[in-house]
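Trainee: Could you take me through the stretch ahead of the opening helix, and then follow the side-chain pairing outward from there? I'd like one connected story rather than a list.

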Amino acid sequence: MIPDEPIGPGLGDGLPGGGARRTTRRSAPQPQYVLTEETPVYVISVAAELSGLHPQTLRQYDRLGLVCPDRTAGRGRRYSARDIQQLREVQRLSQDEGINLAGIKRIIELENQVSALQSRIAELADSLESAATAIQQREATIHASYRRDLVPYQPPTPHSSALVVWRPKR
């Protein structure tokens, strides 16, 4: 154990060899857990309560592939916040819109496909932007390498009235 923060003042009083001793202790590094809406944290009973559905309904939705929660090592279901939202949406489509479960499954599949395509479009747009930037940088490098002393540039005069006549030699 490597000391770095005090345990408390006065601890160690009365120990052999002297007066008060200040002991410090370093806490073990804590693992960093990031909870997102994708993190599976709810057991089926809590997910059923949060979604307003019966646990057996959640199991049926899982069997049909409507809402597929993550599984623990012991095969227990763990629902995320996104799963809870999806359960509520399935319930709304079923109850309010009168859509059957097969239709709801197709709607979910199409929404997932649209999301995947939108992500791919964003990736391609980023890639296109990177390629355009690279081309502009290469173009600038090429233009910077031109030898301007070979052909001097003379800008045209805007209001020149000079007339040049060319006659071929015979």
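**From the leading segment outward**

Mentor: Let's start with V43, which has a relative accessibility of 31% and so counts as partly exposed, since that class runs between the 20% and 50% cut-offs. Keep in mind as we go that we're looking at a predicted model. V43 sits in the segment before α1, the helix that covers 44-51. Together with V46 and L50, V43 makes a nonpolar surface patch of about 190 Å². Joining a patch takes over 30% relative accessible area, and V43 has 31%.

Stay in that leading segment and look at E38. E38 pairs with R82 in a salt bridge, with 2.4 Å between the closest N and O atoms. This pair ties together distant parts of the chain: E38 comes from the segment before α1, R82 from helix α3 (residues 81-95), and their positions lie 44 residues apart in the numbering. As for cover, E38 has a relative accessible area of 42%, so it's partly exposed. R82 gets the same label because its relative accessible area is 38%.

Why might such side chains pair up at all? When their charged atoms come close, side chains of opposite charge can do just that.

Next stop is D62 and R77, whose side chains meet in a salt bridge at 2.7 Å, N to O. Here again distant parts of the chain are linked, with D62 in helix α2 (residues 55-64) and R77 in strand β2 (residues 77-78), 15 residues apart. Are these two buried or exposed? Both D62 and R77 are buried.

While you're in helix α2, have a look at Q56, which is found there too. Q56 has a relative accessible area of 41%, so call it partly exposed. Its side chain makes a polar contact of 3.2 Å with that of R59. If you want a way back to where we began, the C-alpha atoms of Q56 and I44 are 9.2 Å apart, and the two residues are separated by 12 positions along the chain.

Now jump to helix α4 (residues 101-144). A salt bridge of 3.6 Å, N to O, brings the side chains of E109 and R106 together. Both of these residues belong to helix α4, and their spacing of 3 residues is about one turn of the helix. E109 is partly exposed because its relative accessibility is 36%, and R106 lands in that class at 47%. Back at the leading segment, salt bridges that share partners join E37, E38 and R82 into one network.

Finally, zoom out for context. The structure holds 8 salt bridges, and the protein has 4 helices and 2 strands. Going along the sequence, those elements come in the order α-α-β-β-α-α. Of the 170 residues, 14% count as buried, with D62 and R77 among the buried ones. The accessible surface adds up to about 14200 Å², and carbon and sulfur atoms account for 55% of that. As for how the chain meets itself, take contacts between residues at least 6 apart in sequence: 43% of them join residues at least 24 apart.

How values were computed: Residues numbered from 1 in each chain as written. Predicted model: local features only at pLDDT ≥ 70, side-chain atom pairs only at ≥ 80, totals over all residues. Heavy atoms only, no water. Patch = residues over 30% accessible without salt bridge, like charges linked within 9 Å, V, L, I, M, F, W, Y side chains within 5 Å. Areas by Shrake-Rupley, 256 points an atom, 1.4 Å probe, with all protein chains shown as cover. Salt bridge = Lys/Arg side-chain N within 4 Å of Asp/Glu carboxyl O. Buried < 20%, exposed > 50% of the residue type's maximum accessible area, 1.4 Å probe, protein only. Contact = heavy atoms within 4.5 Å. Polar contact = N/O pair within 3.5 Å; in protein donor to acceptor, adjacent residues only side chain to side chain.
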